[in-house]
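Subject: The structure we talked about

Hi there,

Here is the structure I promised to pass on. Have a look at it first, and then read my notes below.

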Amino acid sequence: MTVHRLSPADARRLAVRAQLLDGTRPAGLLDVVRHLTLLQIDPTAAVAPTADLVAWSRLGSSYAPADLSAALRDRSLLELRAMIRPSEDVALHRARMAEWPGSGELEPWQVHYRDWVRANDACRRDILARLGASGPLPSRELPDTCAVPWKSTGWTGDRNVTQMLEFMVLRGEVAVAGRLGRQRLWDLASRVYPDDPVVPAEEAIRIRDERRLRALGIARPRGPKYMVEPADVGQAGEPAVVEGVKGTWRIDPTLLDRPFTGRAALLSPFDRLIHDRRRAIELFGFDYQLEMYKPAAKRRWGYFALPILYGDRLVGKLDATADRKAGVLRVNAVHEDIPFTAPMTEAIHAEIESLSQWLGLTPAFPS
């Protein structure tokens with residue numbers, strides 16, 4: 001098989017085009033999610049919730065958060081493990097659910113999870129019975145009947161019902177049926193997920209790798225493990241090398257040899273264009289960290305700084321906060337990774353104005 005040889009600009013344009021961030025806007029929300037395969041859920045709304053911000057970055061002012069709420073209500077989109085996915089894609093996860101906690105020889109942590117669920121089987125059955133009779137229900141309405149408490153040094157310690165529900169999602173027994181504010185509503189998976197044929201596990205992995213590569217454009221065949229969604233793509237697509245970057249990549253060749261028209265875009269800190277920080281440095285030379293967990297004095301770019309895309313380059317960060325009480329989008333700083341030209345400044349400021357208008361706020365720039 002031919003190994004494609006890409007310039008850095010070719011590689012960046014593949015990534016930008018694949019993420020629907022070039023000059024051609026997609027048609028609507030379902031098209032966006034089906035192509036990207038997911039929208040990540042994160043409760044931080046310093047500017048806007050991440051799922052909404054990612055959709056707005058692609059669709060612009062034609063997108064309204066009510067569109068996402070409606071799609072979740074009619075279940076054309078579903079919530080699965082803090083990701084919003086097309087409902088038809090659940091079939092690609094069901095075989096793995098049936099194998100939980102895994103196939104073959106299990107890792108020690110998988111054995112620990114399996115044994116904890118087994119030790120609390122009566123609690124698991126009680127949850128199923130209560131949801132079957134009265135669901136959808138928030139977790140606070142499900143009594144804790146676990147015999148063995150969940151031990152963790154993190155925030156999940158002794159949160160037995162919440163932890164059991166998470167494992168039951170992985171087992172394909174329960175699902176998020178909706179939300180009441182930020183509270184998830186739980187129900188039996190059989191009443192939430194579509195009754196589509198289950199895709200066998202190995203075939204599902206292949207399809208998910210192919211779809212992930214189509215959404216990323218260019219990715220490593222192997223990479224660091226992530227809890228929910230991998231950043232690598234196995235043997236999907238075709239091999240490629242990028243001038244000046246070590247190692248081999250996989251690319252979606254259908255995205256090659258197309259005219260590229262760029263634009264300015266403001267991205268969520270969780271946007272898939274920059275989610276793999278190593279790839280962002282290797283392909284874009286873009287150094288970024290989400291600094292909301294750092295003390296204010298140690299932040300370089302701001303609490304919830306938005307990466308700034310211009311054409312095929314990531315050129316800076318926008319430190320802004322939505323002050324809804326005052327009715328303004330406070331622009332604390334625009335950090336320039338490279339000096340902005342006059343056209344760049346004009347396009348980026350226009351995008352900030354567009355963001356403000358979409359939020360129903362007035363932009364307030366530093367004096």
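Between β13 and β14 there is a hairpin with 4 residues in the link, and Gly327 in that turn has a positive phi of about 75 degrees. Please keep in mind that this is a predicted model. The two arms of the hairpin are strand β13 (residues 313-323) and strand β14 (residues 328-336), paired in the antiparallel sense over 8 bridges. If you want a spot to start from, find Thr321, whose bridge partner in β14 is Arg330. Strand β14 also pairs with strand β15 (residues 362-364), this time in the parallel sense and over 3 bridges. There, Leu329 stands opposite Pro363 in β15.

Two other hairpins are worth a look. In one of them, strand β6 (residues 174-180) and strand β7 (residues 183-188) run antiparallel and are joined by 6 bridges. The turn has 2 residues between the strands, and Gly181 in the turn has a positive phi of about 65 degrees. Across this pair, Arg179 stands opposite Arg184 in β7.

The other hairpin is made by β9 and β10, with 6 residues between them; Gly244 in the turn has a positive phi of about 85 degrees. Here 3 bridges join β9 to strand β10 (residues 249-251), and the two run antiparallel. Glu238 stands opposite Ile251 in β10.

That hairpin belongs to an open sheet of 4 strands, in the order β1-β9-β10-β8, with mixed pairing. β1 and β8 (218-219) are at the edges with a single partner strand each, so one side of each is left without a neighbour in the sheet. The parallel part of the sheet is where strand β1 (residues 4-6) meets strand β9 (residues 238-242), over 3 bridges. Two of the facing pairs can be picked out: His4 is opposite Ala240 in β9, and Arg5 is opposite Val241 in β9. When you look along these strands, remember that in a regular strand the side chains alternate between the two faces of the sheet.

There is also an open sheet of 3 strands, β2-β4-β3 in order, with antiparallel pairing. β2 (39-40) and β3 (77-80) stand at its edges, each with a single partner strand, so one side of each has no neighbour in the sheet. β2 and strand β4 (residues 83-86) pair over 2 bridges, and Gln40 stands opposite Met83 in β4.

Now for the overall layout. The protein is divided into domain 1 (4-88 + 201-255), domain 2 (90-191) and domain 3 (263-364). I spent some time on how domain 1 and domain 3 meet. Their C-alpha centres lie 19 Å apart, and 40 residues of domain 1 are in contact with 33 residues of domain 3. How much area is buried between domain 1 and domain 3? It is about 3300 Å², with carbon and sulfur atoms giving 61% of it. On the domain 1 side, Arg12, Val47 and Trp56 lose the most area to domain 3, together 23% of what that side buries.

The polar side of this interface is worth your time too. Between domain 1 and domain 3 there are 4 salt bridges and 15 residue pairs in polar contact. The elements that give two or more residues to the side of domain 1 touching domain 3 are α1 (8-18) and α3 (50-59). The largest share of that side, 7 residues, comes from α3. By class, that side has 25 nonpolar, 6 polar and 9 charged residues. One salt bridge to look up is the one in which the side chains of Arg58 and Asp271 meet, at 2.5 Å from N to O.

Looking at the whole structure, I find 28 salt bridges. One of them links Glu210 with Arg206, with the closest N and O atoms 3.1 Å apart. Both residues lie in helix α9 (residues 201-216), 4 residues apart, about one turn of the helix.

Happy browsing, and write back with any questions.

Best wishes

Terms used: Residues are numbered from 1 along each chain as its sequence is written. This is a predicted model: local features need pLDDT of at least 70, side-chain atom pairs count only at pLDDT 80 or more; totals for chains, interfaces and linings use all residues. Side-chain values use heavy atoms; hydrogens and water are left out. Domain bounds come from an automatic or database domain assignment. Contact means heavy atoms within 4.5 Å. Buried area is the accessible area (1.4 Å probe) that two parts lose on being put together, summed over both. A polar contact is a pair of N or O atoms within 3.5 Å; within protein, one must be able to donate a hydrogen and the other to accept it, and residues adjacent in sequence count only if both atoms are side-chain atoms. Ala, Val, Leu, Ile, Met, Phe, Trp, Tyr, Cys and Pro count as nonpolar, Asp, Glu, Lys and Arg as charged, and the others, Gly among them, as polar. Two strands pair if DSSP finds at least two bridges between them.
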